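Thank you all for making the time this afternoon. I would like to walk through one structure with you, slowly, and I will try to keep the terms plain.

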Amino acid sequence: MGLSLGIACAVTVMLVFALVITFSLFQKYLRRFYGFQEVDPAGRRKRSLSSKLKDMQSFFGLNQTGNLDSYTLAVMQTPRCGVPDVHDYVHSQGNRWTKNVLTYRYTSDLPASTVDSLIASALDMWAKVSPLRFIRSFSQQADIMVEFGSNEHGDSFPFDGPKGTLAHAFDPGEGIGGDGTSHQMLPVTCLSPTPGFNLYLVAAHEFGHALGLRHSQNPESLMYPTYRARKTHNLLSSEDIMNINVIYGMLSWSYPFKPWYAGSYFPMAVKEKCSPGLSFDSVTTLGEAIFFFKGGYLWIKHNNKNDVKEGPIYNFMPKISSKIDAAYWLPQRSAAYLISGSSYWTVKGSQVKGRDKNISSFGFPAWVQQVDAAAHIHRTVHTLFFTQHLYWKYNEHRKAMEDSYPRNISDDFPGINKPISAAVYKHGFLHLFLGAEVCKYDIKRKKVVGVNKANSWLGC
Ligand SMILES: [Zn+2]
Ligand SMILES: [Zn+2]
């Protein structure tokens with residue numbers, strides 16, 4: 001009796017101990033990567049731990065239970081990059097180099113034969129798909145400062161061993177602030193060589209941050225936050241290539257990107273993104289950017305940047321010279337579909353794949369020769385197509401239209417009484433562009449919850 005009681009006590013103690021460890025890991029994780037704060041310094045109502053946990057679960061595509069279940073814990077225990085998965089507004093701007101030729105420097109105890117080619121090829125991977133060029137500097141100063149360290153290494157972002165973070169990097173020009181450390185005001189990439197982890201993969205990921213890229217939710221992306229063993233050739237996913245292209249332009253572009261010259265083909269009114277009453281033919285997210293199409297013209301706004309790139313569509317996608325009526329982005333395939341009349345193109349990594357195809361392959365009957373707008377509803381298998389007064393529900397998984405569609409837009413979208421010219425699903429809402437206005441639509445409540453100028457999305 002006494003013995004079994006003793007065992008029971010020991011088990012209880014161990015369980016409590018495990019829970020305490022887990023709880024502190026989980027708080028630390030959310031504090032570090034999701035901006036959780038016990039006390040909000042500005043005195044605003046703090047967001048609860050469970051809502052931050054839901055953010056994390058949403059990022060990794062887990063069930064958003066708000067509870068620390070075993071799947072969530074497993075992700076938290078996976079070795080990962082030290083850069084947060086969410087960013088506060090203050091740091092959402094200016095994170096891009098304003099030149100194409102960047103210098104880098106490092107010193108390391110590792111053999112030069114290993115580390116030289118490792119660093120050079122990890123940078124070269126980004127140079128191959130962008131106009132960026134990297135030159136090694138042997139002086140004290142360089143644009144990209146690479147440090148090799150472990151545990152505490154001088155910047156208040158310690159590496160926490162094999163189960164913790166493997167590396168981190170700072171946005172271009174972000175720096176660490178005036179704390180007198182060796183990293184002061186310099187964007188530094190810190191790498192922690194760890195047995196069992198490919199330092200080349202880690203370095204290539206961190207250089208992505210040093211160039212201004214954020215974490216991706218797509219496990220195929222090199223910018224996925226947790227460590228994954230990968231083949232080291234063709235390391236960049238199409239999404240990675242597209243995102244670096246959105247920031248710096250494609251391989252052949254020169255920085256700064258020159259907007260299309262003021263020719264006569266496009267009337268000034270069309271090119272003036274802030275002109276009152278501007279409407280769009282189609283709008284779609286594409287990786288970390290939003291594409292706005294109008295006539296043969298295109299504006300590209302990166303989610304985290306204020307500036308807008310613009311020009312004729314064929315400047316960006318040489319195969320396409322016609323207007324784009326409808327467009328949508330499918331994150332699962334990192335692909336965008338651009339529909340023009342009865343044809344559509346598939347775009348991956350800012351490259352138009354193959355020839356255009358006929359929209360009948362979506363399952364449209366022959367009498368549908370044009371689509372007004374399209375939007376993929378994230379975290380479902382469905383894409384909505386709008387054609388005049390009707391809408392269609394396409395199942396991306398089965399690659400077929402759902403039965404009992406088309407249906408009347410007016411029956412299922414109360415409050416939408418004008419033709420829909422463009423649609424995009426973003427941050428949990430369907431945004432319907434009706435001429436010069438954009439309606440924020442809550443699908444669950446079947447309600448318009450906000451109206452704005454269409455070009456307010458371009459910063460107007
Ligand atoms: Zn990272
Ligand atoms: Zn560091």
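**A walk through the model**

Let me begin with a single residue, histidine 209, which is buried, with a relative accessible area of 1%. Before I go on, please keep in mind that what you see is a predicted model, and that the values I quote are computed from it.

Histidine 209 has a partner in the same helix, since histidine 205 and histidine 209 both lie in helix α5, which runs over residues 199-210, and they sit four residues apart, about one turn of the helix. Histidine 205 is buried as well, because its relative accessible area is 7% and the limit for that word is under 20%.

What are the protein donors of the zinc ion, ligand 1? They are Cys81, through its SG atom, together with His205, His209 and His215, each through NE2, and they lie 1.9 to 2.3 Å from the ion. If you follow these donors along the chain, their spacing reads C-x123-H-x3-H-x5-H, and the angles among the four donor atoms, which are 100 to 115 degrees, give a site that is tetrahedral.

There is another histidine I would like you to find, histidine 233, which is placed in the loop between α5 and α6, the latter covering residues 238-248. Is histidine 233 buried or exposed? Its relative accessibility is 53%, so it counts as exposed, given that the word applies over 50%. The C-alpha atom of histidine 233 is separated by 9.4 Å from that of methionine 125, although the two residues are 108 apart along the chain.

Let me step back for a moment to the whole chain. The protein chain has 460 residues, of which 52% count as buried, and its secondary structure comes to nine helices and 23 strands. Among the contacts between residues at least 6 apart in sequence, 54% join residues at least 24 apart. The accessible surface comes to about 22100 Å², and 56% of that belongs to carbon and sulfur atoms.

Now to the charged side chains. As a general point, side chains of opposite charge can pair when their charged atoms come close. How many salt bridges does the structure hold? It holds ten, and I have picked out a few of them for you.

In one of them, the side chains of aspartate 85 and arginine 80 meet with an N to O distance of 2.9 Å. Aspartate 85, at 8% relative accessibility, counts as buried, and arginine 80, at 2%, counts as buried too.

Another salt bridge is formed by arginine 333 and glutamate 396, whose closest N and O atoms are 3.5 Å apart. This pair links distant parts of the chain, 63 residues apart, with arginine 333 in the loop between β11 and β12 and glutamate 396 in the loop between β17 and β18. Here arginine 333 is partly exposed, with a relative accessible area of 27%, whereas glutamate 396 is buried, at 5%.

A further salt bridge brings together the side chains of lysine 418 and glutamate 437, at 3.6 Å from N to O. Lysine 418 lies in the loop between α9 and β20, while glutamate 437 is in strand β22, so the pair ties together parts that are 19 residues apart in sequence. Lysine 418 is partly exposed, at 47% relative accessibility, and glutamate 437 is also partly exposed, at 34%.

I would like to close with two residues whose surroundings you can check on the screen. Glutamine 57 has its place in helix α2, residues 49-59, and it is buried, with a relative accessible area of 0%. Leaving out residues up to four places away in sequence, glutamine 57 touches several others, among them Leu62, Asn63, Gly66 and Thr72.

Serine 343, for its part, is found in strand β13, which covers residues 343-348, and at 18% relative accessible area it is buried. Which side chain makes a polar contact with the side chain of serine 343? It is that of aspartate 356, at 3.3 Å. Apart from its neighbours within four places in sequence, serine 343 is in contact with Leu338, Asp356, Lys357, Asn358 and Ile359.

Methods:
Residues are numbered from 1 along each chain as its sequence is written. Chains are lettered from A and ligands numbered from 1 in the order in which they are written. This is a predicted model: local features need pLDDT of at least 70, side-chain atom pairs count only at pLDDT 80 or more; totals for chains, interfaces and linings use all residues. Side-chain values use heavy atoms; hydrogens and water are left out. Donors are N, O and S atoms within 2.8 Å of the metal (3.2 Å for Na, K and Ca); water is not among the atoms, so sites may look incomplete. Four donors count as tetrahedral if all angles lie between 85 and 135 degrees; four count as square planar and six as octahedral if opposite donors are over 155 degrees apart and all others between 65 and 115; anything else is irregular. Helices (H or I, at least four residues) and strands (E, at least two) are DSSP runs, numbered from the N terminus. Buried means under 20% relative accessible area, exposed over 50%, partly exposed in between (1.4 Å probe, protein chains only). A polar contact is a pair of N or O atoms within 3.5 Å; within protein, one must be able to donate a hydrogen and the other to accept it, and residues adjacent in sequence count only if both atoms are side-chain atoms. Contact means heavy atoms within 4.5 Å. Accessible areas come from the Shrake-Rupley method with a 1.4 Å probe; for residues, only the protein chains shown count as cover. A salt bridge is a side-chain nitrogen of Lys or Arg within 4 Å of a carboxyl oxygen of Asp or Glu.
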